[in-house]
Amino acid sequence: MEDDFLFMTLLYDFYGALLTDKQREIFEMYYLNDYSLGEISEILDISRQGVYDALKRAEDSLEFYEEKLGLVKKHQEMQKKLEKIKECIKFIREREKDPEILKIVEDMARELEELNL
C-alpha cells in the first residue's frame, strides 16, 4: 500500500500537469495533504462518490501516461545507473594513486554533483 502511494506521487510529479484542474486539486488534497474522501467531499461540496470517481480517473490517467511515455521507469533506471557510477568513483578514489587519473575521477564526480543527483 505504501509503495502504491509513493508510486502515485511519483507519477504525479512527472505527469500531474496533464491532469484537469479538478483532478489535480482532488489528487493533491488526497495524496499530498492527506484529506479523506469524506473531507474532500465536504470541502468541495460534491458527493463522496464524485470525489472517488475523480480521484480514480486521475490515477488512471497518470498510469496511462506512464504506460505510454515511461518517464518514471526511465528516471528510476537512470538513478540506479548513476548510483553505480558513484560507487565506482568511490572505489577508484580509495585505490588509485596516479594523480592524473584521480583528477579525471574528481572531474567526473563534480559533473555528477552538478546534476544534483
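Glu94 counts as partly exposed in this predicted model, because its relative accessibility of 48% falls short of the cut-off of over 50% for an exposed residue. Glu94 belongs to helix α5, which covers residues 71-95. Its separation from Thr20 gives a sense of the extent of the fold: the two residues stand 74 residues apart in sequence, and their C-alpha atoms are 51 Å apart in space.

The overall dimensions provide the setting for that distance. The C-alpha trace of the chain spans about 70 × 25 × 25 Å along its principal axes. The radius of gyration is 21 Å, whereas a compact globule of 117 residues would have a value near 13 Å. The chain contains six helices and zero strands, so that the order of elements from the N terminus reads α-α-α-α-α-α. Of the contacts with a separation of 6 or more, 51% join residues 24 or more positions apart.

The surface may be considered next. Buried residues make up 26% of the 117 residues. The accessible surface of the chain amounts to about 8,600 Å², and carbon and sulfur atoms contribute 53% of it. Among the side chains, 18 are positive and 29 are negative. The centres of these two charge sets lie 6 Å apart.

Aromatic rings offer a closer view of the packing. The chain holds seven aromatic pairs. One of them joins Tyr12 and Phe27, which are stacked because their ring centres are 4.5 Å apart and their planes meet at 15 degrees, under the limit of 30 degrees. This pair links distant parts of the chain, since Tyr12 lies in helix α1 (residues 2-15) and Phe27, 15 residues away, lies in helix α2 (residues 21-32). Both Tyr12 and Phe27 are buried. A second pair, Phe64 and Tyr65, is edge-to-face, with 6.0 Å between centres and 65 degrees between planes. Phe64 is partly exposed at a relative accessible area of 45%, and Tyr65 is likewise partly exposed at 22%.

The stacked pair also belongs to a cluster, in which ring pairs link Phe5, Tyr12, Phe27, Tyr30 and Tyr31. Thr9 touches two of these residues, Phe27 and Tyr31, and also Leu32, when residues up to four places away in sequence are not counted. Thr9 is located in helix α1. Its relative accessibility is 16%, and Thr9 is therefore buried, as the value is under 20%.

The loops contain two residues with notable backbone angles. Most residues other than glycine have a negative phi. Asp34, although not a glycine, has a positive phi of about 60 degrees. This residue is found in the loop between α2 and α3, the latter helix covering 37-44. Asp34 is exposed, because its relative accessible area of 66% is over 50%. Asp45 is also not a glycine, and has a positive phi of about 55 degrees. Asp45 sits in the loop between α3 and α4, where α4 covers 48-69. With a relative accessible area of 68%, Asp45 is exposed as well.

Note on methods:
Residues are numbered from 1 along each chain as its sequence is written. This is a predicted model: local features need pLDDT of at least 70, side-chain atom pairs count only at pLDDT 80 or more; totals for chains, interfaces and linings use all residues. Side-chain values use heavy atoms; hydrogens and water are left out. Helices (H or I, at least four residues) and strands (E, at least two) are DSSP runs, numbered from the N terminus. The radius of gyration is taken over C-alpha atoms; the globule rule is 2.2 Å times the number of residues to the power 0.38. Buried means under 20% relative accessible area, exposed over 50%, partly exposed in between (1.4 Å probe, protein chains only). Contact means heavy atoms within 4.5 Å. Accessible areas come from the Shrake-Rupley method with a 1.4 Å probe; for residues, only the protein chains shown count as cover. Lys and Arg count as positive and Asp and Glu as negative; His and the chain ends are not counted. The place of a charge is taken as NZ of Lys, CZ of Arg, CG of Asp or CD of Glu. Rings of Phe, Tyr and Trp (its six-membered ring) pair if their centres lie within 6.5 Å; planes under 30 degrees apart count as stacked, over 60 as edge-to-face and the rest as tilted.
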